[in-house]
Amino acid sequence: MALETPAGRVFLIDAGGVRAATEAAPDYNAGRDTLAPFLRKRGYQVIDGLLLSHVHGDHMGGAEWLLQHWRVGQFLDHGYPATAKGMSESYLRLRELATNNGGTYRAVRAGDVLDWDAALQVEVLAPSAGTFAEPDDGSHSLLNMSSLVLRVQHGENVFLFPGDAYHAAKDIAPQKLKCTVLTAPHHGFHPDTSSFTQLCGPSYAVVTCAADYANNAGTPYPRSPGRFSLEKYGALGIETFVTAFDGDITARSDGRTVKMTTQRPRVIP
Amino acid sequence: MGTKELLLTVFDLVAGAAPAFGQLIDTPETRVQTSPDPGLKRIGTIRPRSVGEIA
């Protein structure tokens, strides 16, 4: 996701994944093939900040290429310990790259306020300071739930970026979760849609997912989180956008209203 | 750039949404654990009725 601020700065929130080449398709790197072309097209020469919500490949995959090929002012993450079970060498390289290339690295915590733009209030809601104090099992769900949760306020509009954390941390004040635009946690896979979403109470939800996950057959998760989200969020009166169905999705805030646009007319396969 | 607006673009990524993950199983030591023998007093056994008895 790219956040372009009123003062003309650009921040990336997560960096997508990578895919190896197959006989049917070439390799893909979200940083190289999607984010960089967007940044160039929009006229940016530097990335003011890159924030990764957590240590998972589908969120960090494109970051290495960006840190190698672009000047990135600040690299921020949730501070997962270097020696913890779920940490990877490829992720640790990102922290090194960020500082080797003249930028800064900072692990942020709940309560931190980020100075991204005078017109914005940018606040970290999670993880809290003690989240990684004890050794953990490095499980997939633990890393999801300890995602960096970011709240960005522009005038009357609030954008919430919960990463893959689909339960609200107990120490987040519920009023902090209230938002205008919710980037749906865990790509719409979250099983507890209604309670978290009701706390957030968004007008719009944006879901990043593929159209179908055949491997999900037999799991509690839907094969099509996009369809699932349209149904679940729709039942709560939330206007919902899905990248797999709508293409790139843009939310434009003037501080009072939010205008949503999509790359293409919706197609649900 | 610099339009006084805040723009959020969410990309339709080719590889951007967890294709593989395990089921959520609560395994930490701090989880609520249930004893296999809850120690309830036995007060009787229900005998299921046959279809003929129900009809």
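The following exercises concern a helix of chain A, the contact between chains A and B, and the sheet that both chains build.

The model is predicted; local features need pLDDT of at least 70, side-chain atom pairs count only at pLDDT 80 or more, and totals for chains, interfaces and linings use all residues. Residues are numbered from 1 along each chain as its sequence is written, while chains are lettered from A and ligands numbered from 1 in the order in which they are written.

**Exercise 1. Determine which residues of α1(A) are buried and which elements they pack against.**

Step 1. Helices (H or I, at least four residues) and strands (E, at least two) are DSSP runs, numbered from the N terminus. Helix α1 of chain A covers residues 30-41 and has 12 residues. From first to last C-alpha, α1(A) reaches 15 Å, close to the expected 16 Å; the expected span is 1.5 Å times one less than the number of residues.

Step 2. A residue is buried if 20 or more other C-beta atoms, placed from the backbone, lie within 10 Å of its own, exposed if 12 or fewer, and partly exposed in between. By this criterion A:Ala30, A:Gly31, A:Thr34, A:Leu35 and A:Leu39 are buried. Viewed down the axis of α1(A), these buried residues fall within an arc of 120° and so line one face of the helix; the arc is that of the directions from the helix axis to the C-beta atoms.

Step 3. The face turned away from the buried side carries the exposed residues A:Pro37, A:Arg40 and A:Lys41.

Step 4. The buried residues of α1(A) pack against β2 (10-13), β3 (18-19), β4 (28-29), β5 (46-51) and α3 (63-69) of chain A.

**Exercise 2. Describe the side of chain A that touches chain B.**

Step 1. Two residues are in contact if their C-beta atoms, placed from the backbone, lie within 7 Å. On this basis, 49 residues of chain A are in contact with 25 residues of chain B.

Step 2. Elements giving two or more residues to this side of chain A include β1 (2-4), α1 and β15 (249-253). The largest share, 5 residues, comes from β15(A).

**Exercise 3. Place β1(B) within the sheet and identify its partners.**

Step 1. Two strands pair if DSSP finds at least two bridges between them. An open sheet of 8 strands with mixed pairing has the order β7(A)-β6(A)-β5(A)-β2(A)-β1(A)-β1(B)-β15(A)-β16(A). Its edge strands, β7 (104-107) and β16 (258-262) of chain A, each pair on one side only.

Step 2. Strand β1 of chain B (residues 6-10) pairs with β15(A) in the antiparallel sense over 5 bridges. Here A:Ile249 stands opposite B:Val10, and B:Thr9 is the bridge partner of A:Thr250.

Step 3. β1(A) and β1(B) also run antiparallel, joined by 3 bridges. In this pairing A:Ala2 stands opposite B:Thr9.

Step 4. Because 4 of the 5 residues of β1(B) are buried, the strand is largely enclosed by the rest of the structure.

**Exercise 4. Establish whether B:Thr45 is buried or exposed, and how many Å separate B:Thr45 from B:Leu8.**

Step 1. B:Thr45 lies in the loop between β1 and α1 (51-54) of chain B.

Step 2. B:Thr45 is exposed, because 5 other C-beta atoms lie within 10 Å.

Step 3. From C-alpha to C-alpha, B:Thr45 and B:Leu8 are 62 Å apart in space, and they are 37 residues apart in sequence.
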